[in-house]
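Me: Please pick out one strand here and go through it closely: what it pairs with, how far it is covered, and how it sits in the rest of the fold. A connected account would suit me better than a list.

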Amino acid sequence: MRKLLIGVLFFGTLGLKAQYGTLNEILNRLEERKGINQHLEKVNIDNKKFVFIKDAEDHTERDFIIIKGKEATYVEVFDDKATGESSSNIFTGDIIRKKNILSLRADKLENKKVPLPVTKTLLLTKQDDILYLIDVNTKDRWIDEASYSKKK
């Protein structure tokens, strides 16, 4: 009787471990799809340009992040749908990368210091060989322009 009880406990423990392993594997795949559990430390983002396009009722907003080494340029372009006019703001600053997290601080507007810099915290993600930056605060997705241009 004792051997039977020990045998049931042993095989029950193995079954739970197998279920945990399967569950853990499923969670890892889901995290990779969301961009949380990706290891992109070796991906080179130097000389990359990321694009974000937002369409509103009265205007279209196109934003660009251009990364060159530790320097970054953040460009906002607003296209007014009623008049057809465009206006832009060009910010420059620096960018810091820690694994998959990028921190952008653009403290100059057209080479003049601004009192409140534009800051963004971005998560580097890759899906289907396309690089994305996801703003961790707003969940906006910035796509690598080279990947976007290839798809057209």
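Reply: Tyr 132, in strand S7, stands opposite Ile 143 in strand S8. This is a predicted model, and S7 is the part followed here. The pairing of S7 with S8 (residues 141-144) is antiparallel and comprises three bridges. The two strands form a hairpin with five residues between them. Within that turn, Lys 139 has a positive phi of about 65°.

On the other side of the pairing list is S6, which runs antiparallel to S7 and is joined to it by six bridges. One of the facing pairs is Leu 122 with Asp 135, the latter being in S7. S6 and S7 also make a hairpin, with two residues between the strands. Asp 128 in this hairpin takes a positive phi near 50°.

Next comes burial. Is S7 enclosed or open to the outside? Six of its six residues are buried, so the strand is largely enclosed by the rest of the structure. In a regular strand the side chains alternate between the two faces of the sheet. In S7, one side carries Ile 130, Tyr 132 and Ile 134, and the other carries Leu 131, Leu 133 and Asp 135. Every one of these is buried, which leaves both faces of the strand covered. Asp 135 is therefore a charged residue among the buried ones, given that Asp counts as charged.

Asp 144, in the partner strand S8, is another acidic residue to look at. Its relative accessible area is 2%, so Asp 144 falls under the 20% limit and is buried. Beyond its neighbours within four places in sequence, Asp 144 is in contact with Leu 131 of S7. The remaining contacts of Asp 144 on that count are Lys 48, Lys 49 and Phe 50.

Those three residues lead to strand S1 (residues 48-55), which is joined by eight bridges to the antiparallel strand S2 (residues 59-68). Lys 48 has Ile 67 of S2 opposite it, and the S1-S2 hairpin has three residues between its strands. S2 in turn pairs with S3 (residues 71-80), again in the antiparallel sense, over 10 bridges. Ile 66 has Thr 73 in S3 as its bridge partner. The S2-S3 hairpin has two residues between the strands, and Gly 69 there takes a positive phi near 70°.

S7 also takes part in the largest nonpolar core. In soluble globular proteins, nonpolar side chains tend to be buried together. The core here has 18 residues, and those touching the most other members are Ile 65, Tyr 74, Leu 133 and Trp 142. S7 is among the strands that supply at least two residues each, along with S1, S2, S3, S4, S5 (101-109) and S6 (112-127). S5 gives the largest share, three residues. Of the four residues named, Leu 133 belongs to S7. Tyr 74 has a long contact list once neighbours within four places are set aside, including Ile 65, Ile 90, Leu 104, Val 118 and Trp 142. Polar and charged residues appear on that list too, among them Asp 63, Asn 89 and Lys 120.

Asp 79 in strand S3 is a further buried acidic residue, for comparison with those above. Its relative accessible area is 18%, so Asp 79 also counts as buried under the 20% limit. The C-alpha atoms of Asp 79 and Asp 58 are 8.7 Å apart, while 21 residues separate the two along the chain. Apart from residues up to four places away in sequence, Asp 79 touches Asp 58, His 59, Thr 60, Arg 62, Glu 85 and Ser 86.

To place S7 in the whole chain: there are two helices and eight strands, in the order α-β-β-β-β-β-β-β-β-α from the N terminus. Buried residues make up 28% of the 152 residues, whereas in S7 six of six are buried. Among contacts with a separation of 6 or more, 28% join residues 24 or more positions apart. The contact of Asp 144 with Lys 48 is one of the links that bring S8, the hairpin partner of S7, up against S1.

Technical notes. Residues numbered from 1 in each chain as written. Predicted model: local features only at pLDDT ≥ 70, side-chain atom pairs only at ≥ 80, totals over all residues. Heavy atoms only, no water. Pairing = 2+ DSSP bridges. Core = buried A, V, L, I, M, F, W, Y, C linked by side-chain atoms within 4.5 Å. Buried < 20%, exposed > 50% of the residue type's maximum accessible area, 1.4 Å probe, protein only. Contact = heavy atoms within 4.5 Å.
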